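Good morning, and thank you for coming. I would ask you to look at the sequence and the model on the screen while I take you through them.

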Amino acid sequence: MKKQTVKKLLQKKNPIVLEIGASSGQDTKTFLREFPDIQLYCFEPDPRCLEIHKSQINDPRCQLYEIAISDVDGEAEFYQSSGYYEGFSEYPDWLQSSSLKMPKNHLEVHPWCKFENKVKVPTRRLDTWFAENYIEEIDFIWADVQGAEENLIKGGLQTLSHAKYFYTEYEDDELYEGQITLAQIKALLPNFKAIGYFGNNVLFKNTALPAATFKNADQAVWQTWELFPPKVWLQLLKRKLKSKIKSLTSSATTKTPKN
């Protein structure tokens, strides 16, 4: 989802935005560029990403928290991604697939991406953070937590109830161990309605908030070709076919041959 679409959606210069899984700051920069008076709260636990983020972004509109958002206030093992694929040259290593979850099918789907190291990182429930910061309403939550969506949601239900929009990555293939599906994400968010799909990301609207809060701005989402472009359908079809083939292959290998 392009930040210009978020801008049309929110229709304000000074939104309160939470970026959960800020990585090395690519999205952070775009948010700061698109919204002159934004209050941006970023969360990132990977020391490698934090070093880059802090070296490139020094802006009073942005606050960076060096924590992983989860369902426990404590610490956890964090699986660091690395590797290289042809055409990627931004950094020496691929940093964007690190997760609180142990990689599973990710190792098969993206064999070039390695997980050869893990570190201990501090974890925080989003609700704990929210209670300490006295924010009444959140305009937008942008989440990219690489398979840890369940942890984020279960540890942030109170916070989410104060958010107008929630945008998160999802995957119906278990790329990370214990990763929940889109249907399971929806079940955890009964007051949210999915109003747009962008590749393997979904945009939710909080239907429990008064209609006047939105000013019908979410119609802007349906006015952009970014939503449901043909290549997205092709990606979804490829995933379903791959999952079906894998299931059939697995079933065939477990059958006992007849004598």
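Before I turn to packing, one term is needed: a contact here means heavy atoms within 4.5 Å. Please also keep in mind that this is a predicted model.

Let me begin with the overall picture. The protein chain holds nine helices and 10 strands. It has 259 residues, of which 50% count as buried. Its exposed surface comes to about 13,700 Å², and carbon and sulfur atoms supply 52% of that area. If we take contacts between residues at least 6 apart in sequence, 68% of them join residues at least 24 apart.

I turn next to the interior. In soluble globular proteins, nonpolar side chains tend to be buried together. In this model, the largest nonpolar core has 35 residues. Which residues have the most contacts inside that core? They are Leu18, Ile20, Phe43, Trp129 and Phe166. Apart from this core lies another, of 23 residues, among them Leu9, Leu32, Ile195 and Leu209.

Leu18 deserves a look of its own. Leaving aside residues up to four places away in sequence, Leu18 touches Tyr41, Phe43, Leu126, Trp129, Ile138, Phe140, Ile141 and Trp142.

Now to the start of the chain and helix H1, which spans residues 3–10. Its buried residues are Lys3, Thr5, Val6, Leu9 and Leu10. Why do they lie on the same side of H1? Because they cover an arc of only 150 degrees around the axis. What do these buried residues pack against? Their partners are H2, strand E7 (138–143), strand E8 (163–169) and strand E10 (201–206). Just after H1, Gln11 takes a positive phi of about 50 degrees.

One of those partners, E10, is worth following further. Six of its six residues are buried, and the strand is thus mostly covered. This holds for both faces: Asn201, Leu203 and Lys205 are buried on one side, and Val202, Phe204 and Asn206 on the other. E10 runs antiparallel to E8, with five bridges joining the two strands. Within that pairing, Phe166 has Phe204 as its bridge partner. You will recall Phe166 from the list of residues with the most contacts inside the largest core.

E10 also pairs with strand E9, residues 192–198, in the antiparallel sense over six bridges. Here Lys193 stands opposite Lys205. E9 and E10 form a hairpin with two residues between them, and Gly199 in the turn has a positive phi of about 65 degrees.

A further group of strands involves E6, residues 113–125. E4 and E6 run parallel and are joined by three bridges, with Ile69 opposite Arg124. Strand E5, residues 74–83, runs antiparallel to E6, and nine bridges join them. In this second pairing, Ala76 stands opposite Val121.

Finally, the charged side chains. How many salt bridges does a search of the whole structure find? The search finds 13. I have chosen a few of them.

In the first example, the side chains of Asp27 and Lys3 meet at 2.8 Å, N to O. This pair links distant parts of the chain, with Asp27 in helix H2 (residues 26–34) and Lys3 in helix H1, 24 residues apart. Are the two residues buried or exposed? Lys3 has a relative accessible area of 6% and is therefore buried, the limit for that class being under 20%. Asp27, at 24%, is partly exposed.

In the second example, Glu66 forms a salt bridge with Lys54, the closest N and O atoms being 3.0 Å apart. Glu66 sits in the loop between strands E3 and E4, whereas Lys54 is in helix H3 (residues 47–56), 12 residues away. Both residues are partly exposed: Glu66 has a relative accessible area of 40%, and Lys54 one of 46%.

The third example lies within a single helix, H6, residues 149–154. Lys154 and Glu150 meet there in a salt bridge of 2.8 Å, N to O. Because they are four residues apart in H6, about one helical turn separates them. Lys154 counts as partly exposed, at 43% relative accessibility.

Lastly, Lys12, Glu137, Asp139 and Lys164 are linked in a network of salt bridges. Thank you for your attention.

How values were computed. Residues numbered from 1 in each chain as written. Predicted model: local features only at pLDDT ≥ 70, side-chain atom pairs only at ≥ 80, totals over all residues. Heavy atoms only, no water. Core = buried A, V, L, I, M, F, W, Y, C linked by side-chain atoms within 4.5 Å. Buried < 20%, exposed > 50% of the residue type's maximum accessible area, 1.4 Å probe, protein only. Areas by Shrake-Rupley, 256 points an atom, 1.4 Å probe, with all protein chains shown as cover. Salt bridge = Lys/Arg side-chain N within 4 Å of Asp/Glu carboxyl O. Arc of directions from axis to C-beta. Pairing = 2+ DSSP bridges.
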